[in-house]
Structure formats: C-alpha cells, structure tokens
Amino acid sequence: MVQKIVISVSGKGGTGKTTITALILKSLIERGSKCILAVDADPATNLPDVLGVRIGRTVGMVVDELKRKVDRGKIPPTVTRKELLEGGINSVLVETDRFDLLAMGRSEGEGCYCSVNYLLASIIDSISRNYDLTIMDMEAGLEHLSRRTDRDVDVMLIVTDASKMGFQTASRIREVAEKVHIDFKSMFLVLNQFKSGNEEYWRRIAEEIGFELIGIIPVDPNVEYYNLVGRSLLELPGDSPAYLSVVKMVERLGLLNNHF
Ligand SMILES: Nc1ncnc2c1ncn2[C@@H]1O[C@H](COP(=O)(O)OP(=O)(O)O)[C@@H](O)[C@H]1O
Ligand SMILES: [Mg+2]
C-alpha cells in the first residue's frame, strides 16, 4: 500500500526553504516518484519560478473573488461556497508531467472570513490526499499554517543557516507549531548554505536545543548561478554538492525506499 506523506519546509526567511523544497522534489522525481503535489504556501510565491513553472492565478485570488461574491450576495442559491471554492482551487492547480503545483498566494483580510478560511483548509487537505506525497514550501514563521492547511504533517523540516539566530528561529517555530496544535510526526533541522567548518559543532548545538540535524547542505555555486539566470533547479546537474546532500537527506528520511 502506498503511504501518503506530507512534508513541510519552514524556517527563517532567506535560509533556503524554497531551494530545499525544489531539490527534494528533484530527488523524488529522479527516483521515479510520480503523483507529487508541491504547495507554495509562501505569499511571496517563489517556488513556481524556482521550478520553472508558469502559474496564472493563485488560491488567494480565488478566495478574494469568492469573498467579494459573498459580500455582494452574488452566490447563486444552487451552489454552496464549498463547491465554488473547490472549483476555483482546482482551476488554479497547475499540472506538469512530473508533479502538480498549487500556489497559495496572498488573500486580503483573512481574519474576517473564518468560514472561508476553514473551508480552504479542508479543501487543500482533501486535494493533497489524492497524492502519494505533498511537499509544502512554507512562509517564514508559522502563524498562518493552521489557517491555511490544517492537514497533519508527517515530516516537518526546519531550515536554518549556521547562525544562532537561525537556530533560535527554529526553536520558535517548534513552539508555535506546538501551540497551534499542528500534529507533526517528526521534526528535523536542516542546516543550509553551510560554508565550511565543524559539522560536529552544529550537530551538538542542534542537540542542545532538542533537534536532530538531518542534513547539512553546502553552499553551492550551481544553485547561485541557476538562481541568477533564472533556470529551474530541477535541471541542476546531478553532481551539484547541494543536490547530492539533499539526496542523502531524503534517503535518511526514508522517502526514497519504503513509501513509493
Ligand atoms: N545551498 C545553497 N547554495 C547556494 N545558494 C543557496 C543555497 N540555498 C539557498 N541559496 C540561495 O539563497 C537565497 C535564498 O534561498 P531561498 O530558497 O529563496 O530561501 P527562502 O525560501 O528560505 O526564503 C536564494 O538566492 C538561493 O538561491
Ligand atoms: Mg522561499
């Protein structure tokens, strides 16, 4: 039986969440995994660019449109809000031959429309159940997670750089996740943009704050170059140092053997 897995990638801004998400996706695709959903849950919507996928509208735009219709009393009596929202979200889902992509984008005035946000979470939840694996590129901070997708997370990866600040943010993210009752089965720290130095030192620092460091991803000139020229990270050469380290991490997480 295929086990459905949800991975979320969070961490401080600029640490490499989108990059790591893209490289995990690449490693899964290259091992022949199909039926993957990538969710860009960061309102900045960088993931499509990094993956070289063109998107049209975002879920946020669909939500705003629905809110406007609700405000003007323009919802036809024969359809429910849920049906409208579901239809809208399905229309923004981008299908590629290797994976599907859903960009959450931004919606205005989130706080005042609890019912719509609740519906949104449950629809995203049910869409992701159609895939063997869902990987979510989160925004910095976790405050919005429960409102957007309250689906349980199997593997929560927190990306940090080699700085005290990054590690502190990781602890804070764990606190928020616990407070908003996101049910995660496992949580790991990923050290990215690692230049050089004592890996053991950072492993110990991670342990001291109760994290297992599951991957150390080096700073990679190929990643920098692909970012600069706007090329998809899915096309990154297979011998790129950051990619090789991500493959090792994905193996360690058991994502390449048992589940697919
Ligand atoms: N391992 C790496 N090697 C080189 N550059 C990296 C690496 N990881 C991330 N970057 C670069 O750092 C910047 C921020 O990364 P990004 O993935 O967008 O972070 P986030 O999504 O956390 O904001 C980007 O320019 C990206 O290309
Ligand atoms: Mg990002």
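Mentor: Let us begin with one motif of this predicted model. Strand β7, helix α8 (residues 199–208) and strand β8 make a right-handed β-α-β unit.

Trainee: In which sense do β7 and β8 pair, and over how many bridges?

Mentor: Strand β7, residues 184–194, pairs with strand β8, residues 213–218, in the parallel sense, and 4 bridges join them. To follow the register on the structure, take Val190, whose bridge partner in β8 is Gly215. Then take Leu191, which has Ile216 as its bridge partner in β8.

Trainee: How should I think of side chains along such a strand?

Mentor: In a regular strand, the side chains alternate between the two faces of the sheet.

Trainee: What is the order of the strands in the sheet?

Mentor: The order is β3-β4-β2-β5-β1-β6-β7-β8, in an open sheet of 8 strands with mixed pairing. The edge strands are β3 (94–95) and β8, each of which pairs on one side only.

Trainee: Which helix packs on the sheet by touching β7 and β8?

Mentor: That helix is α10, and its direction makes about 170° with that of β8.

Trainee: How many bridges join β6 to β7?

Mentor: Strand β6 (residues 153–160) pairs with β7 in the parallel sense over 7 bridges. Among the residues to inspect there is Val155, with Ser186 as its bridge partner in β7. Elsewhere in the sheet, strand β1 (residues 5–11) and strand β5 (residues 133–137) are also joined in the parallel sense, over 5 bridges. Here Val6 has Thr134 of β5 as its bridge partner.

Trainee: May we turn to the helices? I should like to know how a packed pair is described.

Mentor: Two packed helices are described by the angle between their axes and by the distance between those axes. Helix α1 (residues 17–30) and helix α10 (residues 241–252) provide a case: they pack at an angle of about 70°, with their axes 9 Å apart.

Trainee: Which word describes how α1 and α10 lie to each other, and why?

Mentor: Angles from 65 to 115 degrees count as roughly perpendicular, and α1 and α10 are therefore roughly perpendicular to each other. As α1 passes α10, the crossing is right-handed.

Trainee: Which residues of α1 and α10 meet?

Mentor: From α1 come Ile20, Leu23, Ile24, Lys26 and Ser27, and they meet Ala242, Tyr243, Val246, Val247 and Val250 of α10. The residues of this contact divide into 8 nonpolar, 1 polar and 1 charged.

Trainee: At what angle do α3 and α4 cross?

Mentor: Helix α3 (residues 59–71) and helix α4 (residues 81–92) cross at roughly 150°, and their axes come within 9 Å. Angles over 145 degrees count as roughly antiparallel, so α3 and α4 are roughly antiparallel to each other. Their crossing is right-handed.

Trainee: What residues make up the contact of α3 with α4?

Mentor: Val59, Val62, Glu65 and Leu66 of α3 meet Arg81, Leu84, Leu85, Gly88, Ile89 and Val92 of α4. Sorted by character, the residues of this contact are 7 nonpolar, 1 polar and 2 charged.

Terms used
Residues are numbered from 1 along each chain as its sequence is written. Chains are lettered from A and ligands numbered from 1 in the order in which they are written. This is a predicted model: local features need pLDDT of at least 70, side-chain atom pairs count only at pLDDT 80 or more; totals for chains, interfaces and linings use all residues. Two strands pair if DSSP finds at least two bridges between them. Helices (H or I, at least four residues) and strands (E, at least two) are DSSP runs, numbered from the N terminus. A crossover is right-handed if, with the strands pointing away from the viewer, the path from the first strand over the helix to the second runs clockwise. Axes are lines fitted to C-alpha atoms, for helices over the stretch in contact, and angles run from 0 to 180 degrees between N-to-C directions. Angles under 35 degrees count as roughly parallel, over 145 as roughly antiparallel, 65 to 115 as roughly perpendicular and the rest as oblique. A crossing is left-handed if the near helix is turned anticlockwise from the far one by less than a right angle, and right-handed if clockwise. Two residues are in contact if their C-beta atoms, placed from the backbone, lie within 7 Å. Ala, Val, Leu, Ile, Met, Phe, Trp, Tyr, Cys and Pro count as nonpolar, Asp, Glu, Lys and Arg as charged, and the others, Gly among them, as polar.
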